[in-house]
Amino acid sequence: MDLAFRIDRSSPVPLYFQLSQQLEAAIERGELLPGTLLGNEIELAGRLGLSRPTVRQAIQVLVDKGLLVRRRGVGTQVVHSQVRRPLELSSLYDDLETAGQRPATRVLAIEDTEAPAEVAAALGIAEGAPVRRVERLRLTHGADPIARLRNYLPVDLMPLTKDELEATGLYRLMRGAGTTLHSARQSIGARAATAAEAAILEEEPGAPLLTMQRTAFDDTGRAVEYGAHLYRASRYTFELQLLIRP
């Protein structure tokens, strides 16, 4: 690890917290990649001119957040950072890119099919009407699965190709085709992963997954997308801002 950390001893912010914040920022920016060894606490304390208890406390903060892990005989190691996504009408691709997570996409399916009852109700069409189903695996840092995305679109909305979907996000493609996204209705839940879901998301069967269903509408009020997505709870959280009503 060859990063410069700035510790301000005149600041009212505790030294351990300054160090933990800078380490966390380096992990989120991808400067400390998963698998990186930080070295032992004595070495890190000596290099930064801090006490060993201060360094140990800073590391413990990030261990508790799931960003670092202590491995016997190996030392302190960076693990995959957790993605925190604000609840707003944005695409996962854009949010990951903004967070420096280097998103990548593996397209699992693009097909025209008959709308199941749930999809038909969300899109305001007849059950069995034609819809376009798009299924993708979203990855961070090019290789780490974070979500399985399943979207249903009106077949006349726009053409889609595998290359386009692997190059960018669905909402960018929609905007580029002239769709103006206006609002969405969304619900969030959780359940255990099936064996098939665990395999594709690199989790253990029964691991907790976050679920999200979203219906997006354009500026004319037309439902233009229904999504049913699965996220690894170990790597992903939703963030909400709560306001007091006047």
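Let me begin with a strand pair in this predicted model: β2 and strand β3, which covers residues 75-78, pair in the antiparallel sense over four bridges. Within that pairing, if you look for Arg-70, you will find that its bridge partner in β3 is Thr-76.

Stepping back to the sheet, three strands form an open arrangement in the order β1-β3-β2, and the pairing is antiparallel. Because β1 (37-39) and β2 (68-71) stand at the edges and each have a single partner strand, one side of each is left without a neighbour in the sheet. Neighbouring strands of this sheet are turned against each other by 35° on average, with direction ignored.

Next, helix α1. The helix runs over residues 15-28, and its 14 residues should span 20 Å at 1.5 Å a residue, which agrees with the 20 Å that separates its end C-alpha atoms. Its buried residues are Gln-18, Leu-19, Ser-20, Leu-23, Glu-24, Ala-26, Ile-27 and Glu-28, and just after the helix, Gly-30 takes a positive phi of about 85°.

Finally, the largest pocket, which holds about 170 Å³ of space. Of the 13 residues that line this pocket, Glu-118, Arg-148, Arg-150, Gln-213 and Ala-228 lie nearest its centre. As for where the lining comes from, α5 (117-123), β7 (144-154), β9 (208-218) and β10 (223-232) each supply at least two residues, with the largest share, four residues, coming from β10. And what is the make-up of this lining by class? The count is six nonpolar, three polar and four charged residues.

Conventions: Residues are numbered from 1 along each chain as its sequence is written. This is a predicted model: local features need pLDDT of at least 70, side-chain atom pairs count only at pLDDT 80 or more; totals for chains, interfaces and linings use all residues. Side-chain values use heavy atoms; hydrogens and water are left out. On a 1 Å grid over the protein atoms alone, a cavity is a set of points where a 1.4 Å probe fits but cannot get out, and a pocket is an open set with protein on both sides within 12 Å along at least five of seven lines; lining residues have an atom within 4 Å of a point. Grid points are joined across faces, edges and corners, and a volume is the space filled by probe spheres set on the points. Ala, Val, Leu, Ile, Met, Phe, Trp, Tyr, Cys and Pro count as nonpolar, Asp, Glu, Lys and Arg as charged, and the others, Gly among them, as polar. The expected span of a helix is 1.5 Å times one less than its number of residues. Buried means under 20% relative accessible area, exposed over 50%, partly exposed in between (1.4 Å probe, protein chains only). Two strands pair if DSSP finds at least two bridges between them. Axes are lines fitted to C-alpha atoms, for helices over the stretch in contact, and angles run from 0 to 180 degrees between N-to-C directions.
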